[in-house]
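Grab a coffee and open the viewer. Here are a few short exercises to work through, each with a solution to check yourself against.

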Amino acid sequence: MRCPYCASDHDRVVDSRAADDGRAVRRRRECTACQQRFSTYERVDHAPLAVRKRSGSIQPFDPDRLHAGMQKATANLDIDPDVVRFAAARVEAHLRAMGESEIGTDVIGGHVLEALRALHPVAYMRFASVHKVFTSADDFARELAALDDDRLPAGHDPAG
Ligand SMILES: [Zn+2]
């Protein structure tokens, strides 16, 4: 990395640590020519991904927003925050693996629902109702009935 002080191409890394919630690595470097220190950030080089909203408007995909939505759906359900973070990262990975430059919010919502379903039925229903994934009350009832009984918390009777 070229030194910003003297333009020498020679440096050594004196420290490396995670930054930006694990999405980047910050390296502290020292120029071997002038001994000045500077930092560089290393990130995965993603192709740009856009989200197509139901209104037709396009906006850049925001992983933080995806994570925040899943956090909200899982709030107060005694789920390890790391588990939610990993689940959000897996959803992002699935979306990127589709290889599309533009993905509809309905597709993203479907992936999020799948992930939440595996975490907690309440998180699943919360997300589905807030984001109006279901178009009618019948859809909602059908989804509720389709949830695996064994995933419901102990003592909860889905029929009652
Ligand atoms: Zn230098």
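The exercises below go from the overall fold to single residues, and the model is a predicted one.

**Exercise 1. Work out how many helices and strands the protein chain has, and in what pattern they follow each other.**

Start by counting: you should get five helices and six strands. Next, walk along the sequence, and the pattern reads β-β-β-β-β-α-α-β-α-α-α. Then look at burial: of the 160 residues, 14% count as buried.

**Exercise 2. Find the largest nonpolar core and say which elements give two or more residues to it.**

The core in question has 17 residues. Those with the most contacts inside it are M70, V91, V112, L116 and F127. Now trace the contributing elements: α1 (63-73), α2 (81-97), α3 (105-119) and α4 (121-130) each give two or more residues. Pick F127 for a closer look. Skipping its neighbours within four places in sequence, F127 is in contact with A73, V112, L113 and L116.

**Exercise 3. Decide which residues of α1 are buried, and why they sit on the same side of it.**

First, pick out the buried ones: L66, M70 and A73. A handy reminder: an α-helix has 3.6 residues a turn, so residues three or four places apart point the same way. Here the buried residues span an arc of only 60° around the axis, so they lie on the same side of α1. Flip to the face turned away from that side, and you'll meet the exposed residues D64 and A68. Finally, ask what the buried residues of α1 pack against: that's α2, α3 and α4.

**Exercise 4. Describe how α3 and α4 pack: how do their axes cross, and which residues make the contact?**

Two packed helices are described by the angle between their axes and the distance between the axes. For this pair, the axes come within 7 Å and cross at roughly 150°. Angles over 145 degrees count as roughly antiparallel, so that is the label for α3 and α4. On the α3 side, the contact is made by V112, L113, L116, R117 and L119, and on the α4 side by A123, Y124, F127 and A128. Sort these by type and you get eight nonpolar, no polar and one charged.

**Exercise 5. Is H111 buried, exposed or partly exposed, and which residues is it in contact with?**

Locate H111 in helix α3. H111 has 18 C-beta neighbours inside 10 Å, so it counts as partly exposed. Beyond its neighbours within four places in sequence, H111 is in contact with V91, H94 and L95. Take H94: H111 and H94 are 17 residues apart in sequence, and their C-alpha atoms are 8.0 Å apart.

Conventions: Residues numbered from 1 in each chain as written. Predicted model: local features only at pLDDT ≥ 70, side-chain atom pairs only at ≥ 80, totals over all residues. Helix = DSSP H or I, 4+ residues; strand = E, 2+ residues; numbered from the N terminus. Buried ≥ 20, exposed ≤ 12 C-beta atoms within 10 Å, placed from the backbone. Core = buried A, V, L, I, M, F, W, Y, C linked by C-beta atoms within 7 Å. Contact = placed C-beta atoms within 7 Å. Arc of directions from axis to C-beta. Axes fitted to C-alpha atoms, helices over the stretch in contact; angles between N-to-C directions. Parallel < 35°, antiparallel > 145°, perpendicular 65-115°, else oblique. Nonpolar A, V, L, I, M, F, W, Y, C, P; charged D, E, K, R; others polar.
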